[in-house]
Amino acid sequence: MTEGRMYGKVATATGGAGGADGAGSAGSAGSAGSAEDTAGAGGTEDSSGTGPARGYTIESLDTGLRLLRLFLTHDTLTVSEAAGLLSIGRSTAHRVLSTLEGRGFAVRESSGRGYSAGPELERLGRPAGFGTAVREQLGAVLDDALRRTGETVQSAALIGDRILVTDGRESPHPVRVMPERGRTHPAHATAGGKMLLSGMTSEELHALYPQEELPEVTPNTLTSRSALFAELDAIRSRGYALSRGESVPGLHAVAVAPAASSRRDRLALMASVPADRGDDAALARLVGELRRSAALFGPA
């Protein structure tokens with residue numbers, strides 16, 4: 001069994017490969033003000049065309065947010081670079097960068113010529129499951145889940161409309177799913193992704209999926225937003241998610257969500273099996289065992 005983009009791999013005793021579904025001192029804000037603190041109704045758009053479309057816009061805050069977004073694509077930024085990319089004056093860029101530095105969202109390079117993302121920004125953007133204490137606790141949960149299920153188990157965090165596999169344990173079966181730590185996959189096509197999406201509000205989901213059509217990963221993938229939202233309603237009711245060949249033909253998976261201190265810290269705990277070991281009764285058993293293991297996880 002082969003797939004173009006596999007979600008996990010099925011290893012056999014003879015080395016065959018297939019795929020698997022289931023398997024993160026304050027600066028002075030006033031110094032950045034001046035005329036840019038004026039607010040305008042209707043909003044303004046930035047150079048990417050994705051600026052505010054409506055409402056009441058605080059210009060200095062909007063500039064700061066646009067500058068923060070630049071750190072997604074730039075390891076370092078000089079004042080001149082920031083000013084040029086945002087079409088603002090150098091003095092404005094300097095004030096905003098200094099404010100971000102004071103709050104820990106940017107740090108000055110040792111050369112003194114530029115800025116990079118600070119610890120607060122990195123902490124804000126870190127997916128669930130990557131803190132040291134959480135990883136240790138989650139490792140114990142995965143060990144328990146492997147012992148209970150006998151199948152490959154993985155954990156995943158939601159990043160936008162994709163999931164990131166944070167950790168996993170491999171099944172001892174000759175034909176098994178291989179964990180894919182560090183890989184990302186479309187959330188709508190995986191049991192873990194759907195489990196995490198079910199914890200979002202309708203407004204958040206519409207913002208995440210603005211189009212009705214969704215990418216097809218396999219012939220079994222949900223390819224419409226309305227179908228996905230209906231499935232998420234069912235997941236909320238029953239408390240677990242299923243995937244039958246939605247990310248890889250012949251691969252079935254179940255997922256539950258361990259308790260979390262906040263929605264941002266939510267993780268999915270998944271068990272993945274080849275289809276010949278994943279009938280309805282087997283999947284129901286896996287759900288029960290995963291829930292027992294998930295109960296060991298407590299917010300750190």
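Here two people talk through a predicted model, asking how its labels are earned.

Colleague: I am new to this one. What does the chain have in the way of helices and strands?

Modeller: Welcome! The chain has nine helices and 12 strands. Of its 300 residues, 46% count as buried, and the chain exposes about 14,400 Å², with carbon and sulfur atoms supplying 52% of that area.

Colleague: Let's take helix 2. Which of its residues are buried?

Modeller: Helix 2 spans residues 79-86, and its buried residues are Val-79, Ala-82, Ala-83 and Leu-86.

Colleague: How do you know that they sit on the same side of helix 2?

Modeller: They cover an arc of only 100° around the axis, so they fall on the same side of helix 2. The general rule helps here: an α-helix has 3.6 residues a turn, so residues three or four places apart point the same way.

Colleague: And what covers the buried residues of helix 2?

Modeller: The cover includes helix 1 (59-70), helix 3 (90-102) and strand 5 (115-117).

Colleague: What makes Ser-87 stand out?

Modeller: Ser-87 has a positive phi of about 55° although it is not a glycine. Most residues other than glycine have a negative phi. Ser-87 comes just after helix 2, in the loop between helix 2 and helix 3.

Colleague: Why is Ser-87 called exposed?

Modeller: The label exposed needs over 50% relative accessible area. Ser-87 has 64%, so it is exposed.

Colleague: Then why is Ile-58 called partly exposed?

Modeller: Partly exposed lies between the 20% limit for buried and the 50% limit for exposed. Ile-58 has 40% relative accessibility, so it counts as partly exposed. Ile-58 lies in strand 3, residues 56-58.

Colleague: What kind of patch do Ile-58, Leu-61 and Leu-65 form?

Modeller: Those three form a nonpolar patch on the surface, and together they have about 280 Å² of accessible area.

Colleague: Let's turn to charges. How many salt bridges does the structure hold?

Modeller: The structure holds 17 salt bridges.

Colleague: Why is the pair of Arg-108 and Glu-101 called a salt bridge?

Modeller: A salt bridge needs a side-chain nitrogen of Lys or Arg within 4 Å of a carboxyl oxygen of Asp or Glu. The closest N and O atoms of Arg-108 and Glu-101 are 2.9 Å apart, and the pair therefore forms a salt bridge. Arg-108 is partly exposed at 40%, and Glu-101 is partly exposed at 27%.

Colleague: How do you know that Glu-289 and Arg-148 form a salt bridge?

Modeller: Their closest N and O atoms are 3.6 Å apart, which is within 4 Å, so the label applies. This pair links distant parts of the chain, with Glu-289 in helix 9 (residues 280-294) and Arg-148 in helix 5 (residues 132-149), 141 residues apart.

Colleague: Is Glu-289 buried or exposed?

Modeller: Buried means under 20%. Glu-289 has 17% relative accessibility, so it counts as buried. Its partner Arg-148 has 29% and is partly exposed.

Colleague: Which residues are linked in a network of salt bridges?

Modeller: Asp-144, Arg-147, Arg-148, Glu-289 and Arg-292 are linked that way.

Colleague: What about Arg-183 and Glu-180, and how far apart are the closest N and O atoms?

Modeller: They are 3.1 Å apart, and the two residues form a salt bridge. Glu-180 counts as buried because its relative accessibility is 7%, while Arg-183, at 37%, counts as partly exposed.

Colleague: Now the inside. Which residues have the most contacts inside the largest nonpolar core?

Modeller: That core has 21 residues, and those with the most contacts inside it are Leu-197, Tyr-209, Leu-228 and Leu-232. Helix 6 (191-197), helix 8 (225-238), strand 11 (251-256) and strand 12 (268-274) are the elements that give two or more residues to it. A second, separate core of 20 residues includes Leu-142, Ala-145, Leu-242 and Val-254.

Colleague: What does Leu-197 touch?

Modeller: Leaving out residues up to four places away in sequence, its contacts include Leu-158, Leu-205, Tyr-209, Leu-228 and Arg-236.

Colleague: One last stop: where is Leu-222 found?

Modeller: Leu-222 is in the loop between helix 7 (202-208) and helix 8. With the same sequence neighbours left out, the residues that Leu-222 touches include His-188, Pro-215, Leu-228 and Glu-246.

Notes
Residues numbered from 1 in each chain as written. Predicted model: local features only at pLDDT ≥ 70, side-chain atom pairs only at ≥ 80, totals over all residues. Heavy atoms only, no water. Patch = residues over 30% accessible without salt bridge, like charges linked within 9 Å, V, L, I, M, F, W, Y side chains within 5 Å. Areas by Shrake-Rupley, 256 points an atom, 1.4 Å probe, with all protein chains shown as cover. Helix = DSSP H or I, 4+ residues; strand = E, 2+ residues; numbered from the N terminus. Buried < 20%, exposed > 50% of the residue type's maximum accessible area, 1.4 Å probe, protein only. Arc of directions from axis to C-beta. Contact = heavy atoms within 4.5 Å. Core = buried A, V, L, I, M, F, W, Y, C linked by side-chain atoms within 4.5 Å.
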